[in-house]
Amino acid sequence: MLYNFACKCSDYSQLFCIPLNLHYLCASFQINMDKKNIVRVQMQQSMEDIDETIVAVPILMECDKDEDFSEGVEKVGDLLPILPLRNMVLFPGVAMPVIAGRIKSMRMVRNAVQKKTFIGVSCQKDSAVDEPGLEDLYEVGTIAEIMRVLEMPDGTTTVILQGKKRFRLKSIKETEPFLIGKIEVLNDTRPKKQDGELDALASTIKDLTIKILTSTMDPPRDLIFSIRNNQNILYLINFASCNIISDAAVKQELLAINDLKDRAYRLLFILNREYQLIELKTSIQMKTHEDINKQQKEYFLQQQIKAIQKELGSDNINDIEVDEMRDKAKKKKWTKEVAETFEKEVVKLERLNPQSPDYSMQMQYVREILSLPWGEYSKDNFNLKRAERILNRDHYGMDKVKERIIEHLAVLKLKKDLRSPIICLYGPPGVGKTSLGKSIAEALNRKYMRVSLGGLHDEAEIRGHRRTYIGAMAGRIIESIKKAGTSNPVFVLDEIDKVGSDFKGDPASALLEVLDPEQNEHFHDNYLDIDYDLSKVMFIATANNLNTISQPLLDRMELIEVSGYIAEEKMQIALKHLIPKQMNAHGITEENIKFDKPAIRLIIDSYTRESGVRELEKKIAKVMRKVARKLASGEKLSPVITTTHIREYLGVEEYNPDKYQGNDYAGVVTGLAWTAAGGEILYVETSLSKSKGSKLTITGNLGDVMKESAVIALEYVRSHADAFEIDEPAFEDRSVHIHVPEGAIPKDGPSAGITMATSLVSAFTKRKVRENLAMTGEITLRGKVLPVGGIKEKILAAKRAGIKYIILSDENKKDINEIKAEYLKGVTFHYVSDIAQVIDYALPKAQTS
């Protein structure tokens, strides 16, 4: 929409725009008319000094109802001076100010003013053309009368034109001193009689014009009043076409329509479209206005607070903190993406009101990003001999684990960017799996972090909570990395086999990303919402039982078994590690007391029953407390702790060592079992009693697998009765009872299969089992002996019990070859593949009476 600025004075009110703050503007301009009817406007005050709003409105002429504005046009010939206009279209009857800037235009204006002649006004097709010709001008233009010429203070000339009648430009006859064209005057086609349809169109156009003016500006009341009371239909249509529509091409289209009614219909269509767009914009603005006002109000208030604080000499503490965070961010070694995210979040923080609840949450999040060690890595120590010395100093045995760590260190020394391995140490409790992580961290010169996963049920503990939740925080992985201060610590995931799952999610599934070398380079924490590189972290998981760990998780880890200790190893661990540690913890020196080896052996055999040394350490700590009390009380204390002192300090012996109970009875066979606490020996007892029909009874708190082993063993013995020299009727009138002592302890597993079969054959044939013999292995219905696990722990249990001979499956021979010779000393192994071989070796032919 075009609005033109002019000044209002007493003589020219019908020609000029009506500005706001009339009294101020009238005081700022001095208007004079010279002898040539040219108005000269002089500014009494610079426009830069006028800081009040000036609103320009369209010029509205007063006219009669039937006036057609063509007075004097009949004198115009077929040649007429042509004034090219840029982006402006003049309509008959409409007054419009035009700035004449081109030299030819100014010559033509002065010539027309002097001779008091009409001029032709035509719009340029392209406003960028400075010297327009016939092809650059629209064909239809308007004959105009120059009503006033204003020479403005800035040197420009403003011409007030009023349209008279339309014309068609046929050709350009002259170009100097200005354009002169050959024209043909065009007449508007109007209804011959009073046309109610045209009146309705004019009324509708009038209403729409007022609505559009009211919606887009604050028009003076005089303007609205004049439009509402103007009865000239031609003028109303031309006024709306000229001043309400902004597109010059659309105006030109309307000007070219000869029929007045057709022009009115086309104008009405365009005005309706314009008004709908205005309403849509207004609706959008209203929806956002309230929120914008609130934000602006908060912003201005914050700016005022800052200004007040600055005047008082105290800067905003929040701004200081933000500046400090930006300074710290410059020193971070993070990627471009992380830097952009950080800056975006800081900008969001600055926009928040410090009193808003969202402010503290946003501040916490920004601090979380800043506190992480992006790209910070501790320098690894590649001294292999030092690393090996540290591992041997802190842990006795564990050769496979130590060998794997040294191998990794060696490869890392040669290839600097090797991704850290993910190791899973599994074995019974108390063998040093967790403490091994500290030694590895020291050997590599890395930070040590540990997270206990036992009883973990919520996936968010690993991945973190989303920031949409109140109290959201990062997961344990990211929090531990933050505490470590480096991105390559030794990270122990303790008790990974005890991770649970419920409606809150499956943490084990979340660990898949953490423990996958191909994925953890872009680990995504829900709270942080930025990928973090965990590929340099050395993860070490610990577990007691691999059966409870999901297979996908197992596939991502390198499994290393950490088996239990024999009594000799426990003795060395106690002397080298546990006793010095507890003496230091209780303030006791070697000058006060010493342990003799029989006393330590007594604690191991009679006060503990475990594969590890955790309970052993507790018992030694209890002895130290007794000694510390005597030292503190000044009581007399023996410098050497003997077995007598152990019984005095620890009380009655808690465990009777597993001992072989002999072979005095047929049907009693010694088996070997594996438990979470290590290996144990167990006895399988079989008794036969007369009854009507065959019946099998199994007791001893046995699990389903062990009960199935008993059924399989009985069926195999019965089907091969002839081979074992057992009478067939013996199965028809005898009830079989199989019992495994210590019924309060649950027992399960397939490894007692050959033990039960041997016990059954011994009971039916009355043949005693070979002395000092134990066995372990699974049996099938075909009589095959299958391999079992936990061989090392079972051998240790056998040695503790005084067993000299052990029957194993042929396929367990490879497990024996991997065990150190010192563990095997004093034990003879007999390998079998069939239960018949077991019976032949275990049950000598001699029978009891």
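Buried, as I use the word in these entries, means under 20% relative accessible area, while exposed means over 50% and partly exposed lies in between. I also note at the outset that the model I am reading is a predicted one.

**Entry: strand β5 and its neighbours**

I began with β5, where I found that five of its five residues are buried, which leaves the strand mostly covered. Looking at the two faces in turn, I noted I119, V121 and C123 on one side and G120 and S122 on the other, and all of these are buried, so that both faces count as covered under the cut-off of 20%. I then looked up the strands that pair with β5. Four bridges join β3 to β5, and this pair runs parallel; within β5, V121 is the residue that stands opposite L83. Three bridges join β5 to β6, and here the two strands run antiparallel, with G120 having I143 in β6 as its bridge partner.

**Entry: strand β4**

I turned next to β4, which covers residues 95-100, and found five of its six residues buried. It is joined by six bridges to β7, residues 157-174, in an antiparallel arrangement. To place one of the bridges in the structure, I looked up A100, whose partner in β7 is T157.

**Entry: salt bridges**

A search of the whole structure gave me 37 salt bridges, and I followed a few of them by hand.

The side chains of R86 and D130 meet in a salt bridge at 2.8 Å, taken from N to O. Since R86 sits in the loop between β3 and β4 and D130 in the loop between β5 (119-123) and β6 (140-151), the pair ties together parts that are 44 residues apart in sequence. R86 has a relative accessible area of 32%, and I therefore wrote it down as partly exposed.

For D494 and R450 I noted a salt bridge of 3.1 Å, N to O. D494 belongs to strand β11 (residues 490-494) and R450 to strand β10 (residues 448-452), so this pair ties together parts that are 44 residues apart in sequence. Which of these partners is buried, and which is partly exposed? I found D494 buried, with a relative accessible area of 5%, whereas R450, at 42%, is partly exposed.

E461 and R476 also meet through their side chains, at 3.1 Å from N to O. Here the tie is between helix α14 (residues 460-463), which holds E461, and helix α15 (residues 476-484), which holds R476, so the parts joined are 15 residues apart in sequence. Both partners came out as partly exposed, E461 with a relative accessible area of 28% and R476 with 30%. Besides these pairs, I found K104, R107, E131 and E176 joined into one network by salt bridges that share partners.

**Entry: a negative patch**

On the surface I looked up a negative patch, which is formed by D64, D66, E67, D68, E71 and E74. I took E71 as one of its members to follow further, and found it in the loop between β2 (38-43) and β3 (79-85). The relative accessibility of E71 is 68%, so I counted this residue as exposed.

**Entry: backbone points to check**

Most residues other than glycine have a negative phi, and most peptide bonds are trans; I therefore kept a separate list of departures.

Where does a cis peptide bond occur? I found one joining E176 and P177, with omega at about -5 degrees, and P177 lies in the loop between β7 and β8 (180-185).

E495 has a positive phi, near 55 degrees. It is in the loop between β11 and α16 (507-514), and its relative accessible area of 22% makes it partly exposed. N701 has a positive phi as well, near 60 degrees; this residue is in the loop between β20 (695-699) and α22 (704-719), and is partly exposed at 37% relative accessibility.

**Entry: two loop residues and their distances**

Lastly I looked up K536, in the loop between β13 (531-532) and β14 (538-543), which is partly exposed at 26% relative accessibility. K536 and N520 are 16 residues apart in sequence, and their C-alpha atoms are 9.2 Å apart in space.

L781 is in the loop between β23 (778-779) and β24 (785-786), and with a relative accessible area of 57% it is exposed. From L781 to L714 I noted 67 residues in sequence and 9.6 Å in space, C-alpha to C-alpha.

Definitions and conventions
Residues are numbered from 1 along each chain as its sequence is written. This is a predicted model: local features need pLDDT of at least 70, side-chain atom pairs count only at pLDDT 80 or more; totals for chains, interfaces and linings use all residues. Side-chain values use heavy atoms; hydrogens and water are left out. Patches are made of residues with over 30% relative accessible area and no salt bridge: like charges are joined within 9 Å, nonpolar side chains (Val, Leu, Ile, Met, Phe, Trp, Tyr) within 5 Å. Accessible areas come from the Shrake-Rupley method with a 1.4 Å probe; for residues, only the protein chains shown count as cover. A salt bridge is a side-chain nitrogen of Lys or Arg within 4 Å of a carboxyl oxygen of Asp or Glu. Lys and Arg count as positive and Asp and Glu as negative; His and the chain ends are not counted. The place of a charge is taken as NZ of Lys, CZ of Arg, CG of Asp or CD of Glu. Buried means under 20% relative accessible area, exposed over 50%, partly exposed in between (1.4 Å probe, protein chains only). Two strands pair if DSSP finds at least two bridges between them.
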